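Me: I would like to learn how to read charged pairs and pockets in a model, taking one feature at a time. Could we begin with a charged residue and work outwards from there?

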Amino acid sequence: MTPPGADGARCPVHVEPPAPMTKSFSNLQIDSERLWGTIHETARFGATPKGGVRRLTLGPEDKQVRNWFRTACEAAGCEVYVDALGTMFALRSGRDMTKPPLGIGSHLDTQPTGGKYDGVLGTLAALEVVRTLNAAGIETEIPLCVVNWTNEEGSRFAPAMMASGTYAGDFTTEDILARKDADGVTVAEALEAIGYRGSEAVGARRLGAFVELHIEQGPILEAEGKTIGVVHNGQGIIWYDGRLTGFASHAGTTPMPLRRDALATFAEVVLAVERIARELGPEAVGTIGEATIENASRNVVPGDLTFTLDVRSANAATLDKFDIMLRKVFEEIAARRKVAVELNQVWRKEPTQFDAKLVDAVEAAAKELGYGYRRITSGAGHDACNLATVMPAAMIFVPCKDGVSHNELEDATQADCAAGANVLLHTVLALAGVADKG
């Protein structure tokens, strides 16, 4: 079978997970103190004065945490492999090595002003699952694979989730290796610089299914007093690059009616995005996250401006409608203000529907362990969302304080992190099975 992503083409092959186990391990728990300790130990790689983490993908701090992760996984008895985009796969053997492993994990890169938990919790909780199984002397029927996906955040290189996207066939390896950061450094050069350009082809290390633990990055679980979010779907995303081209002119001598002001036009554009999102209802959100005035000067009417736009919805039809409404309104604003507008779609990720059997397994684990839970939609994009197109996948959420993420103030409790890791552990036991030693 051609592995997904190995030739750059989508290969939506679904591998059925094993039947749920019959043995009961309801009392088995991860080591909460050990998990909490690893979260804070890795937070020193890129620690910021405000208590957050700045660990941009493929930078020196990312190399430090990768080296730590490799050493920790090998100490836990795993063999570590690295693919051509730097994704790390830590393989724990199972009884039947002919079966593709169950993947668990997330990512270790952060935003420029990120926190300690986004992605990190899922990766380190997956490592903690392996450590717990080792301590209990449990061999799973199928192998496990702890994964650290490269560049989930997309804050240094675009697109976000580029490694899992390539694994799923959304991009070719060559395309991603050629992507550049703001300083003109390519992904290939950055991988070489930190020593993590692996020899394996992307997609060659086949996974049978994937489960990812993550902080919610929103306020719902905390507001409702729930410990576990059973993620059953995820929002689709469209990214745009926009440009407004007016006419730069003297701030003192150009009459107001004669101005072709790109910034004033942009003000209307921002409000239009907000208005459309509200008109489309609670299932739609739109965000302009970046804006740059070119050749800006205090006494010059802005002539050229670029911006980025992020649009999301769990409904594909809503994404389509959002796009149509944006283009119509932008055209009207541009014509009235005599400013040219360009809106170029640079990425579209369709809404995700997670595998029903895996979602049920997560819910059963939360219920068995006695945690308050609810089904929930992921507002953020995650590696599991990409993987869901080529294998059974699911996600587990835990609360984060005030729903804050992508911020140095991002916070979560030790108890909630442990609860999420326990649900991950029991989901793994259900899906991977336990080898019969008799």
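Reply: Let us start with E350, which has a relative accessible area of 38% and is therefore partly exposed, since that class covers what lies between buried, under 20%, and exposed, over 50%. Please keep in mind throughout that this is a predicted model.

Me: Which residue forms a salt bridge with E350?

Reply: The general idea is that side chains of opposite charge can pair when their charged atoms come close. In this structure the partner of E350 is R348, and the closest N and O atoms of the two are 2.6 Å apart. R348 is itself partly exposed, with a relative accessible area of 25%.
Salt bridges can also share partners, and in this way E268, E332, R336 and R337 are joined into one network.

Me: How many salt bridges does the count come to?

Reply: The count comes to 22 salt bridges, and two further pairs are useful to read side by side. D62 forms a salt bridge with R66, with 3.1 Å between the closest N and O atoms; because these residues are four apart in helix α2 (residues 60-75), about one helical turn separates them. Both D62 and R66 are buried.
The other pair is R374 with E224, where the closest N and O atoms lie 2.8 Å apart. This pair links distant parts of the chain, for R374 belongs to strand β14 (residues 373-378) and E224 to helix α7 (residues 220-224), 150 residues apart. R374 counts as partly exposed at 25% relative accessibility, and E224 likewise counts as partly exposed, at 43%.

Me: How should I read a pocket, and how much space lies in the largest pocket?

Reply: The general idea is that rolling a probe the size of a water molecule over the atoms shows where empty space is left. Here the largest pocket holds about 1500 Å³ of space. Its lining is made up of 42 residues, and those nearest the centre of the pocket are Q111, E153, W239, D310 and R312. The elements that give two or more residues to this lining are β7 (236-245), β9 (284-293), β11 (304-313) and β12 (340-349).

Me: Which element gives the most to the lining of the largest pocket, and what does the lining have by class?

Reply: Strand β9 gives the most, with five residues. Sorted by class, the lining of the largest pocket has 18 nonpolar, eleven polar and 13 charged residues.

Key. Residues numbered from 1 in each chain as written. Predicted model: local features only at pLDDT ≥ 70, side-chain atom pairs only at ≥ 80, totals over all residues. Heavy atoms only, no water. 1 Å grid on protein atoms, 1.4 Å probe; cavity = no way out; pocket = protein on both sides within 12 Å on 5 of 7 lines; lining within 4 Å. Points joined across faces, edges and corners; volume = space filled by probe spheres on them. Nonpolar A, V, L, I, M, F, W, Y, C, P; charged D, E, K, R; others polar. Salt bridge = Lys/Arg side-chain N within 4 Å of Asp/Glu carboxyl O. Buried < 20%, exposed > 50% of the residue type's maximum accessible area, 1.4 Å probe, protein only.
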